[in-house]
Amino acid sequence: MSIRVDGIRKTFGGFAALDDISLNVPQGELVGLLGPSGSGKTTLLRIIAGLEKPDRGRVLFNERDVTTLDVRRRKVGFVFQQYALFRHLTVADNVAFGLRMLPRGQRPGRDAVRARVRELLELVQMDTMAGRYPAQLSGGQKQRVALARALALEPEVLLLDEPFGALDAKVRKELRRWLRHLHEQISVTSVFVTHDQEEAMEVSDQVVVMSQGHIEQIGSPLTVYEQPASRFVFDFLGHINALEGLYDGAVWQSGEARLRLDTHGACPDGALTLYLRPHEATLAKAPAGHAHLPVKLAARSVFGGTVTLELEPRGWGSGVLEVELDRDTWAALAPGRDETLYLLPRSLQTVTCDGDLGPRVAPA
Amino acid sequence: MSSANRPHKWHQWTLVAAAFAAVVVLLVLPLVVIFAEAFAQGAGMVASNLTSDDMIGAIQLTVIVALITVPVNLVFGVLLAWCVTRYEFRGRKLLSTLIDIPFAMSPVVAGLCYLVVYGGQGLVGQWLDDQFNVQLMFALPGMVMVTVFVTCPYVARVLIPLMQSQGTEEEEAAILLGASGWQAFWYVTLPRIRWALLYGVVLTNARAVGEFGAVSVVSGLIRGETLTLPLLIQMLNEDYNTVGAFTAAGLLAAMALVTLLLKTVLEWRQSSKLNAAEETLT
């Protein structure tokens, strides 16, 4: 089932939680609503579910207007952030709840319910825990039971609120892959909310980046990362280093630091901020003709194939810069203690003084 | 486990001993005296007092008042707690404060208020008398009304903090799974609040059975007709029927002790359930 959200507005006591939100989710897609807390993503999810009523706008399932349709008739599967399992019921009874609430005519018989519950618990790999109570399960297990319960009525729309929010890093990663896999198996149109960039990038077909009740950008994970539509999106997707300085049409300067940039006239003279992603630079023992950015190593952490370095600018800039090198490059560099190193950016994002994104530039 | 320390200095022990002494002198001793006085002239006198018409009438009336009051306040308390914890509306805080009026107000004042409004000279009372020839005061209806008033906060007050802390997500989950509002209440809300609800019922019942002030104002103290157990105790005491008064008092005290026992069992049950849930987590 496709979902269309059309011009939704929702205010809570004068505060606009959502302002003119429109969104299309094609049949069978897995869409991630990504944004910081307070961006309105959970409110949007709850409006799609019918748990909140929008002040304005429409929600359509398969082009049918369901805005005023009662929650219980929307037939969406919903997974709460804190799972909201019925704590007085066993795992099996939790999963069977929806089936037992069906009107008498549609309600499957006792054996059919039991068979369906087993099938669902097998799907989420929880079939050995059927007799347990929610309090006896770990976070990841509760999550899977909540998912099985949401899928029991074969919804055509599955909504998940911060599905991995309360789990530790390892379980989270595992469940993420598993959800992706599950989605390919059952192909239900799904929307999930997250504040975790990595999660949105890994799981979604489409990412919807939200901030302060607005949609900043909709696109595939690759698009929003490579071609961010706004400063906010660039900022929010992964760590960035902001370099502030002055530009005179050819050279960007800040204290001791100099960069030769050709922006083809796109950036006016004056204040110019450059965004540098940690993996888009390397280090050398000597400055290059086009880049003179002296730094000192402050800290390093080795994790997997990359080495994350914290660099202190020498004679320019203010904050610590973060740069990622691969292990071999780092080993070849092998700097001495307190040795001055030179940062060589490969690609930079310009931010004009009015806060808009300018062109991406490479020093040359 | 508990974070409290064992007392280990002499002044700490003194404090504990003082607390025990106060409890014995103020609470236990009078209770013992009640039973001792009742049986002072032998079990035969107790039995004959227990089977007197006045006593049986009072017991019946007390039970009837409690039997009406408890269900009324059960439903009322659940509704009130539901409104206050599940809906967001203007005046919600006010409503939750108003619930406490019976706690704050002296029961005698409550009785007088009812007398003024529903009595023969009262606005509503006069109209009811004229139109339907119904008299509320100095009869069972009035006594039930004031008892309901005095005991109405108990269930709501027990439920509100619990329902607030539990939140609405499980009910939302139930409705998303196709449950009607009633089904969500019956299959999700009620099982989660049942022990607290029972606890509220026990408290309501204890207060309904023992209520004196408000009931004495509206009962009219008609012997054999509008005397509940607490009122009968007062009456017998004034008649210098010590054994009778103490027998009735003993009966009330016994009811209170049973209530206390029930309350303790319920509390123990609730906390052990919580502990069990926590233990399996770790």
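## Fold of chain B

Read along the sequence, chain B runs α-α-α-α-α-α-α-α-α-α-α-α-α-α. The model is predicted. The secondary structure of chain B amounts to 14 helices and 0 strands.

The C-alpha trace of chain B spans about 65 × 60 × 30 Å along its principal axes. Of its 282 residues, 34% count as buried. Take the contacts in chain B between residues at least 6 apart in sequence: 72% of them join residues at least 24 apart.

## Helix 3 against helix 8

Two packed helices are described by the angle between their axes and the distance between the axes. In chain B, helix 3 covers residues 53-86 and helix 8 covers residues 140-151. Their axes come within 9 Å and cross at roughly 45°. Angles from 65 to 115 degrees count as roughly perpendicular and those under 35 degrees as roughly parallel, so helix 3 of chain B is oblique to helix 8 of chain B. The crossing of these two helices is right-handed.

Helix 3 of chain B brings B:V65, B:I68, B:T69, B:V72 and B:N73 to the contact. Helix 8 of chain B answers with B:M143, B:V144, B:T147, B:V148 and B:T151. By class, the contact between helix 3 and helix 8 of chain B has 6 nonpolar and 4 polar residues. Charged residues are absent from this contact.

## Helix 13 and the residue after it

Helix 13 of chain B spans residues 229-238. Its buried residues include B:L229, B:P230 and B:L231. B:L232, B:I233 and B:L236 of helix 13 are buried too.

B:Y240 lies just after helix 13 of chain B. The phi of B:Y240 is positive, at about 60°.

## Where chain B meets chain A

In the contact between the chains, 18 residues of chain B touch 18 residues of chain A. Three helices of chain B each supply at least two residues of the side that touches chain A: helix 10 (169-176), helix 11 (181-210) and helix 14 (242-281). Helix 10 of chain B gives the largest share, 7 residues.

By class, the side of chain B that touches chain A has 10 nonpolar residues. The rest of that side is 4 polar and 4 charged residues. Charged residues thus appear on the side of chain B facing chain A, whereas the contact of helix 3 with helix 8 of chain B has none.

Conventions: Residues numbered from 1 in each chain as written. Chains lettered and ligands numbered in written order. Predicted model: local features only at pLDDT ≥ 70, side-chain atom pairs only at ≥ 80, totals over all residues. Axes fitted to C-alpha atoms, helices over the stretch in contact; angles between N-to-C directions. Helix = DSSP H or I, 4+ residues; strand = E, 2+ residues; numbered from the N terminus. Parallel < 35°, antiparallel > 145°, perpendicular 65-115°, else oblique. Left-handed = near helix turned anticlockwise from the far one by under 90°. Contact = placed C-beta atoms within 7 Å. Nonpolar A, V, L, I, M, F, W, Y, C, P; charged D, E, K, R; others polar. Buried ≥ 20, exposed ≤ 12 C-beta atoms within 10 Å, placed from the backbone.
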